[in-house]
Amino acid sequence: MKNTSLRYGAGPALAGMICLLFTAAGLVGCGDSNGTPPGGVAIALASSATAAESGTVTMGCCDGKNTVTVSKELAGQPLADALMDQWKRDHPEANWVTEQREKHALLPPADNSDLLQGAQGKEHTYGNYTHLDLLTWARETEKFAAEGSRIFHSADALGSSIAVSCDMCHPHAANTHPETYPKFQPQLGRVALLRDMIDWCIENPVRGEHLDPNGPTMRALEAYIMAQRKGVPMNYGKH
Ligand code: HEC
């Protein structure tokens, strides 16, 4: 079972941009005028001899800029996912962050607008902030947590061998209690950090592979879980 809750192509704008096709076939038009289903990903199947020999294919995106090389074994949803992943990396501003926010009740980062009051932050220890600074911080921070939300809700992104994702037992990250870490965890037999428990849940209920504690997946999951406990006082050691 697939548990990718993120729905691609929420609107006509996105649908127009993510019409994907093999570069070997040349850029055949895309978007609504070419019959792209609203919100869908249109993939024109054609392969080049060179690509077929190497076991990979290079796909082009309708924006004429992005390409991604994937295994030729990939087809259907996994292929679309690989392409979307690349596209999303190149278009961090696209509405997938909004989708995570709305679908999974992702909480917004702190409002720092008080920094602009009075003398526009001129008295602040760390500098003279502008509205753009605040927007950048908020956008980058929310994007980071939204990536964690995407992974948390996707068995595929978690690398689950049994199609299980975290939200199946922790809807909206409920009962993850990040504010109680570090604390002694009997099942680990030692004092655990939040990341240790995330890893334990990846390896046990989710049946995935141990995560690099500094890798992008762990960092994103940790960010999302912390973000969802906004406003809860820290209380390390609490059971
Ligand atoms: C099959 C259900 C299930 C799934 C799937 C699952 N968990 Fe858990 N998780 C639990 C249970 C039950 C506990 C309580 C264990 C305990 O505290 O001893 C728990 C505990 C936790 C805790 C510690 C909570 C606390 O109170 O200290 C964290 C953090 C956590 N899970 C994160 C995750 C993450 C991240 C994922 C996905 C990678 C995940 N879990 C997937 C059932 C699940």
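**Entry 1: R207**

I opened with R207, which has 15 C-beta neighbours inside 10 Å and so counts as partly exposed. A note to self before going on: this is a predicted model. I found R207 in the loop between α8 and α9. Its backbone caught my eye, as R207 has a positive phi of about 55° although it is not a glycine.

**Entry 2: A163 and a cis bond**

I then turned to A163, which also has a positive phi, about 60° here, without being a glycine. A163 sits in the loop between α7 and β5. Is A163 buried or partly exposed? I counted 14 C-beta neighbours inside 10 Å, and burial takes 20 or more, so A163 counts as partly exposed.

The loop between α7 and β5 also holds P182. I checked the peptide bond that joins Y181 and P182 and found it cis, with omega at about 0°. The strand at the end of this loop, β5, covers residues 183-185.

**Entry 3: the whole chain**

I stepped back for an overview. I counted nine helices and six strands in the protein. Of its 239 residues, 28% count as buried. I also looked at contacts with a separation of 6 or more: 57% of them come from residues 24 or more positions apart.

**Entry 4: α4 against α6**

Next I looked at a helix pair. Helix α4 (residues 96-103) packs on helix α6 (residues 131-152) at an angle of about 65°, and the two axes are 9 Å apart. The crossing of α4 past α6 is left-handed. Which residues make the contact? From α4 I noted V97, Q100 and R101, and from α6 I noted E142, K143, A146, S149 and R150. Sorted by class, this contact has four charged, two polar and two nonpolar residues.

I stayed with R150 for a moment, since it belongs to helix α6 and to the contact with α4. R150 counts as buried because it has 24 C-beta neighbours inside 10 Å. I also checked R150 against H104: they are 46 residues apart along the chain, and their C-alpha atoms are separated by 9.0 Å.

**Entry 5: the nonpolar core**

In soluble globular proteins, nonpolar side chains tend to be buried together. With that in mind, I went to the largest nonpolar core, which has 25 residues. The members that touch the most others are I151, F152, L158, I198, L221 and Y224. Which elements give two or more residues to this core? I listed α4, α6, α7 (155-158), α8 and α9 (216-227). The top contributor is α9, with six residues.

I picked L158 from that list for a closer look. Leaving out residues up to four places away in sequence, L158 touches I151, S165, C166, I202, V206 and G208.

**Entry 6: around the ligand**

My last stop was the ligand. How many residues are around it? I found 19, and C166, C169, H177, C201 and P205 come nearest. C166 was already in my notes as a contact of L158.

Which helix gives the most to the shell around the ligand? Helix α8 (residues 194-203) does, with five residues. By class, I put down 13 nonpolar and six polar residues for this shell, and no charged ones. I noted that α8 is also among the elements giving two or more residues to the largest nonpolar core.

Note on methods
Residues numbered from 1 in each chain as written. Predicted model: local features only at pLDDT ≥ 70, side-chain atom pairs only at ≥ 80, totals over all residues. Near = placed C-beta within 6 Å. Helix = DSSP H or I, 4+ residues; strand = E, 2+ residues; numbered from the N terminus. Nonpolar A, V, L, I, M, F, W, Y, C, P; charged D, E, K, R; others polar. Axes fitted to C-alpha atoms, helices over the stretch in contact; angles between N-to-C directions. Left-handed = near helix turned anticlockwise from the far one by under 90°. Contact = placed C-beta atoms within 7 Å. Core = buried A, V, L, I, M, F, W, Y, C linked by C-beta atoms within 7 Å. Buried ≥ 20, exposed ≤ 12 C-beta atoms within 10 Å, placed from the backbone.
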